[in-house]
Amino acid sequence: MTIQNRESFLDNLANTLGRPRRKTGVERPKWSLSPQWEVYDGLSQDELVDVLEQQCKVIHTNFKRTNFDGLSEMLKSAIKGHDGNKVLAANDRRNKEYGLEVIFDDLKQEGVDVRLWDSAIGTENQVFAEQADIGITFSEITLAESGTITLFNDKDNGRSISLLPRVHVVIIPKSTLVPRMTQAVKQIHEANKRGREVSSCVSFISGPSNSADIEMNLIVGVHGPIEATYIVVDDK
Amino acid sequence: MGIRIGDPSFETRVQEGIENDFMLNSVASAQGRFRGRRGVATEELGNWEDWRSLGEEIRSHTLENIDYYLQQLSDNVSKRGGHVFFAATADEANEYIKEVVKRKNGKKVVKSKSMVTEEIGLNKALEEAGSEVIETDLGEWILQLDGDVPSHIVTPALHLNRDQIKETFANKRGYDKSNTPEELGLFAREELRKDFLTADIGITGCNFAVAESGAVTFVTNEGNARLATTLPDTQISVMGLERIVPTWEELDVLVSLLTRSAVGQKLTSYITGITGTRLAGEIDGPEEFHLVIVDNGRSEILGTEFQSALHCIRCAACINVCPVYRHIGGHAYGSIYPGPIGAVLTPLLDGYENHKELPHASTLCAACTDVCPVKIPLHEQLIRHREIMVEKNMAPTAEKIAMNGFVKWSTHPAAYKLSSKLARTALKPWTKDENITNGPGPLKNWTAQRDFPAPSQQTFRSWFKERQKGEKSK
């Protein structure tokens with residue numbers, strides 16, 4: 001794709017810095033400090049779940065915890081609790097493993113309109129997402145400190161699922177918990193270095209959307225989801 | 001619009017500010033909340049100074065090698081199907097964006113909050129080209145409906161209260177509900193959702209671009225930047241040339257510094273990294289992506305003693321602690337970049353000529369420097385601005401007369417002695433209970449706001465003489 005005016009623009013920058021243009025050979029230094037690695041260093045997975053639970057109170061997010069066997073009931077009750085009549089879920093590889101396919105079939109029997117993101121039907125996905133009460137995703141990496149779930153959006157996990165519906169429900173396998181953003185970006189950085197292309201959209205999401213633009217008063221629910229529910233699932 | 005806002009006269013703008021009680025109340029309470037939240041969020045880490053030092057180290061290295069990292073970024077954006085345009089000036093950036101919008105037949109443009117697009121006056125350029133431009137950040141939307149301009153770089157409508165906002169919604173959009181922020185926010189959600197669904201083009205700023213992979217990242221809470229980059233088929237992101245980090249690992253550090261310093265959040269609701277166009281099979285995201293990298297005066301700051309001003313990550317922590325901002329509000333600065341960083345940056349980007357007063361709009365208390373997450377020595381840079389203006393003979397006339405007078409007077413002992421004796425007598429008509437409440441001439445501006453102590457009955461020299469006598473007699 002096109003790159004315009006680059007040479008003159010960057011030559012000028014080198015010039016004002018009083019040195020020749022640097023096109024190669026710049027190494028990122030080893031930084032003299034690394035305070036980000038000290039945060040929650042050495043905590044167990046269960047301790048990280050506790051940190052996440054506390055942070056959920058700060059970010060106005062419903063926190064639930066269950067095991068593999070309890071997930072079905074927990075998810076169904078969350079969907080009912082949020083008046084979920086239209087539900088859109090990512091076409092995730094873990095749907096089967098976590099029993100979501102069965103749960104969705106049950107819900108359909110009860111008259112809930114449950115759909116999976118289907119790249120074959122194009123923008124119809126977005127139309128349904130806009131009307132949906134609930135969007136369901138799996139967290140890839142979960143940041144305990146900030147109560148953040150990470151999505152690597154792709155053709156089976158559209159950006160709209162976590163954005164357009166009124167409620168965002170996230171399934172968080174306990175093994176995805178890490179202390180903070182530091183561990184997540186390290187994974188992205190190292191994958192990129194190995195030549196694996198980064199997702200077209202990396203979404204770090206911490207609870208529902210909000211704004212403090214009116215008199216610094218917190219409004220929960222602005223352009224994105226108005227409510228969020230996290231379900232932490234203990235690993236098998 | 002561009003970088004300059006409001007009346008050309010600094011004094012008029014300040015006067016408007018100090019007479020606006022509504023606004024000053026809003027600013028004072030917002031500053032209080034911002035400071036409290038920032039304090040908690042930085043102290044709980046226990047090693048905030050290490051974080052700041054790391055932030056400074058990263059920003060210094062990146063700016064020292066800015067040509068390298070911008071080349072890497074543009075190569076990577078291009079590899080992922082994006083177009084990159086390097087714009088030396090605001091006009092070049094606007095012209096390029098207008099061309100893209102025209103070629104895509106972009107009738108409706110949704111925008112997320114971006115200070116650099118305010119700086120280059122993009123909305124005006126697009127409207128002249130016949131497009132409808134809709135600001136979708138709640139604060140920016142309020143301002144757009146009102147024909148107003150931002151007074152703060154993080155919460156742009158900080159100067160307005162809920163009643164004024166309700167009034168604007170009612171007059172411009174037929175709003176008929178209450179003045180509670182929740183209902184006002186919900187109304188904005190419903191109105192703007194329609195625009196997102198029908199927009200042809202999404203325009204965003206960029207908090208940090210990631211050189212190693214070509215991502216542009218947005219740090220937001222409302223979700224509007226996500227919508228603007230999810231639904232329209234064309235995305236244009238605009239960034240100042242300095243808004244870049246080497247890798248995702250540095251992104252973590254700078255985003256953490258930004259969200260804690262700006263609003264006291266550990267992270268904002270959304271940190272979103274968009275790389276290039278949507279991939280095969282993807283429905284969401286743009287099929288055409290343009291990244292516009294703007295100089296507009298920044299390169300002239302590189303290699304100078306002000307280079308560290310380009311380290312700024314736009315958190316507004318300096319604005320939130322500034323006593324001058326508190327007493328005059330954001331619009332008084334006459335720049336879309338207000339507060340201490342605005343007073344440093346605006347004359348650098350737009351020249352001293354129109355912003356002579358800004359480096360003086362500071363008490364030099366250094367609160368700004370203390371909170372800056374990337375350790376920009378803001379108050380020292382303000383002093384340098386003052387020195388440079390004196391060297392260039394550009395200091396305000398009143399200051400020049402006063403300073404020249406002071407030099408002559410204070411270097412002549414007889415004149416100094418006489419006038420310090422006479423001062424008390426001369427000011428007697430305005431003195432009451434050892435205070436001057438309505439002073440003459442140059443004292444007037446001071447005493448309009450507060451009392452000035454009357455000159456002491458005893459001069460320092462006579463006190464010192466007596467003291468020395470006393471010492472000797474001991």
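## A three-stranded sheet in chain B

In this predicted model, chain B contains an open sheet of 3 strands in the order S11-S12-S13, with antiparallel pairing. Strand S11 (431–432) and strand S13 (452–453) of chain B stand at the edges and have a single partner strand each, so one side of each lacks a neighbour in the sheet.

The pairing of S11(B) with strand S12 (residues 435–436) of chain B is antiparallel and rests on 2 bridges. Within this pairing, Lys432(B) has Asn435(B) of S12(B) as its bridge partner.

## Parallel pairings around strand S2 of chain B

Strand S2 (residues 108–111) of chain B takes part in parallel pairing with strand S3 (residues 132–135) of chain B, over 4 bridges. One of the residue pairs is Lys111(B) with Glu135(B), the latter in S3(B).

S2(B) also pairs in the parallel sense with strand S4 (residues 201–204) of chain B, here over 3 bridges. In this case Val110(B) is found opposite Gly202(B) of S4(B).

## Helix H10 of chain B

Helix H10 of chain B covers residues 181–198. At 1.5 Å a residue, its 18 residues should span 26 Å, and the end C-alpha atoms are 26 Å apart, so the expected and modelled spans agree. H10(B) nevertheless has a bend of about 25°, located at Leu192(B).

Leu192(B) also belongs to the buried residues of H10(B), together with Pro181(B), Leu184(B), Gly185(B), Ala188(B), Arg189(B) and Phe196(B). The cover over these buried residues comes from both chains. From chain B it includes S2, helix H8 (138–146), helix H9 (162–173) and helix H11 (224–230). From chain A it includes strand S11 (210–211) and strand S12 (219–220).

## The contact between the chains

Chain B contributes 83 residues to the contact, and chain A contributes 71 residues. On the side of chain B that touches chain A, 33 of the residues are nonpolar, 32 are polar and 18 are charged.

Strand pairing also links the two chains: strand S1 (residues 3–4) of chain A and strand S1 (residues 82–87) of chain B run parallel and are joined by 2 bridges. Ile3(A) has Val84(B), in S1(B), as its bridge partner.

## Overall organisation of chain B

Chain B has 21 helices and 13 strands. Its C-alpha trace spans about 95 × 55 × 45 Å along the principal axes. Of its 474 residues, 52% count as buried. Among contacts in chain B with a separation of 6 or more, 73% are between residues 24 or more positions apart.

The domain assignment divides out domain 1 (10–294) and domain 2 (417–473) in chain B. The centres of these two domains, taken over C-alpha atoms, are separated by 53 Å.

## Overall organisation of chain A

Chain A has 7 helices and 13 strands. Along the principal axes, its C-alpha atoms fill a box of roughly 70 × 45 × 45 Å.

Buried residues account for 48% of the 236 residues of chain A. Of the contacts in chain A between residues at least 6 apart in sequence, 77% join residues at least 24 apart.

Definitions and conventions. Residues are numbered from 1 along each chain as its sequence is written. Chains are lettered from A and ligands numbered from 1 in the order in which they are written. This is a predicted model: local features need pLDDT of at least 70, side-chain atom pairs count only at pLDDT 80 or more; totals for chains, interfaces and linings use all residues. Two strands pair if DSSP finds at least two bridges between them. Domain bounds come from an automatic or database domain assignment. A residue is buried if 20 or more other C-beta atoms lie within 10 Å of its own, exposed if 12 or fewer, and partly exposed in between; C-beta atoms are placed from the backbone. Two residues are in contact if their C-beta atoms, placed from the backbone, lie within 7 Å. The expected span of a helix is 1.5 Å times one less than its number of residues. The bend at a residue is the angle between axes fitted to the seven residues ending there and the seven starting there. Ala, Val, Leu, Ile, Met, Phe, Trp, Tyr, Cys and Pro count as nonpolar, Asp, Glu, Lys and Arg as charged, and the others, Gly among them, as polar.
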